[in-house]
Structures are given as C-alpha cells and as structure tokens.
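Colleague: I would like a close look at one part of this protein. Pick a stretch and follow what touches it.

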Amino acid sequence: LLALSGCAGQAARLPIPPLIDAAKRGQAIDLTAQAGEMRFVDGGVSATAGFNGVFLGPTLRVSSGHDVQVSVANQLTEGTTVHWHGLLVPSAVDGGPHNHIAPGQTWRPVLPVRQAASTIWYHAHPHPGTGAQVYAGLAGMMIVTDAEEQALDLPSEYGVDDLPLILQDRQFDQVGRMVYPSDRPSIMHGVRGEVIL
C-alpha cells in the first residue's frame, strides 16, 4: 500500500516540506519539536510529532563554509535531541543523546558547515527513545550546498524541479491509526511497516 501523508483515501498532491534556507535567514534556523495528530489512511487519527508542524520537519538548506546558528525548542512532554545525521560537526553540537533537550527548554548550537554538497537528514536521537520519536515524525531532510554543486547548473528550484522525497514504512491498526510496535521481536530486529508513506 502507498499513502501520501494526509491523503486519507483520496488523490493528493505530493506533499513538499517547507524550506528553511539558512543563507536567506542570516545563517539561522529555528526548529520546534511538537506533538501533533494526522490522518494518513482512511480511518483513525494518529498521534504524531514533528518539527515546526505535526509530522516530519522542514527541509533545511545550509551552505558549506558558513556557521549556522540553530535554535531547537522542545514543546514535547518528554526529552528529545536533534542529531544532524551526515553533517560533519564536532560531537559537542552533533545532537546525540548527550545533547538532551528537556521539555520546555531550548538548545542553541552553532553548526560549522565545512563539507561537500550532500543530502542528509536530521532526526530525534534521545536515549532510549530514538525509534519511537523518529517513527512519530521527528525527522527531516537537510541539504548541504557548496560552490562546486551550484556551478553544475542542476535543477535547483525547490519544490518545482528539485523535489525532496522522504520514504518511510509504517504500521496501522484496524481503524487506521499509526502504531509503533513495542513487542520484543520488533525492538530487537527493527520495526517494519506494510504501508509506505
């Protein structure tokens, strides 16, 4: 089965996450981790989480050679972190479990971007809740750009000819609510869903 986020059994346009381009915001990015709800398939409403929204997060674009000031506010009822998966930064700002953000708190790292162009991602990474928080939606795409990539004259109009595709598998119960299996085999071997979002 294939479900486009928010389609609930009807034809839907490809959802394009909003873009936060750090270069157009004074090398600054603001994120808020928050709880939400969303209807994915016909049936029930699912409890979700997202950055700056109810599910997933905006696409973040940063440029190599710049320092980016990030602000991550935690509006969840539990602690979280934000890991910059694939961004080559010092461990002090990497966003692993050691960079815990308590409920109601804000983390303000400065990310020194010094790498070649790449498409990477960011996601919650608390110990031991990474799987459940990412499954709920605390993840998003991050694009690193540099002068070499920009000189290639590739399609680059975000959402028009440069399309972000985030594919995820999920499980749903009999009434259409997203469920995160917590049985021992799923925890040990990984959660696999029968619906591709």
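Modeller: Helices (H or I, at least four residues) and strands (E, at least two) are DSSP runs, numbered from the N terminus. This is a predicted model, so local features need pLDDT of at least 70 and side-chain atom pairs pLDDT 80 or more, while totals for chains, interfaces and linings use all residues. Residues are numbered from 1 along each chain as its sequence is written, and side-chain values use heavy atoms, without hydrogens and water.

I pick the open sheet. It has five strands, in the order β1-β4-β10-β9-β6. Pairing in this sheet is mixed; two strands pair if DSSP finds at least two bridges between them. β1 and β6 (83-85) stand at the edges. Each has a single partner strand, so one side of each is left without a neighbour in the sheet.

Start at the β1 edge. β1 (19-21) pairs with β4 in the parallel sense, over three bridges. One contact point is clear: L19 has T59 of β4 as its bridge partner.

Side chains join these two strands as well. R61 forms a salt bridge with D21 (a side-chain nitrogen of Lys or Arg within 4 Å of a carboxyl oxygen of Asp or Glu). The closest N and O atoms are 3.1 Å apart. R61 sits in strand β4 and D21 in strand β1, so the pair links distant parts of the chain, 40 residues apart. Both residues are buried; that means under 20% relative accessible area, with exposed over 50% and partly exposed in between (1.4 Å probe, protein chains only).

The loops beside these strands hold two unusual backbones. Q27, in the loop between β1 and β2, has a positive phi of about 60° although it is not a glycine. L56, in the loop between β3 and β4, also shows a positive phi of about 60° without being a glycine. Q27 is buried, at 17% relative accessible area. L56 is buried too, at 14%.

Now cross to the other edge. W84 touches a long list of residues, even without counting those up to four places away in sequence. Among them are L60, W121, Y122 and M142 (contact: heavy atoms within 4.5 Å). V70, V72, W107 and L111 are also on that list, as is D94.

W84 belongs to the largest nonpolar core, a set of buried Ala, Val, Leu, Ile, Met, Phe, Trp, Tyr and Cys residues joined through side-chain atoms within 4.5 Å. This core holds 29 residues, of which I29, W84, L87 and M142 touch the most other members. From the open sheet, β4 (59-63), β9 (118-123) and β10 (139-145) each supply at least two of its residues. So do β2 (28-38), β3 (46-51) and β5 (67-74). Apart from this core lies another, of twelve residues, including F40, Y135, A139 and M178.

Just past β9 the chain has a cis peptide bond, from H127 to P128, with omega near 5°. P128 is in the loop between β9 and α1 (130-136).

The whole structure has three salt bridges. A second one joins D67 and R114, at 2.8 Å, N to O. D67 is in β5 and R114 in the loop between β8 (110-112) and β9, so the pair ties together parts 47 residues apart in sequence. D67 is partly exposed at 40%, and R114 is partly exposed at 47%. The third pairs R177 with D173 at 2.9 Å. R177 is partly exposed at 41%, whereas D173 is buried at 19%.
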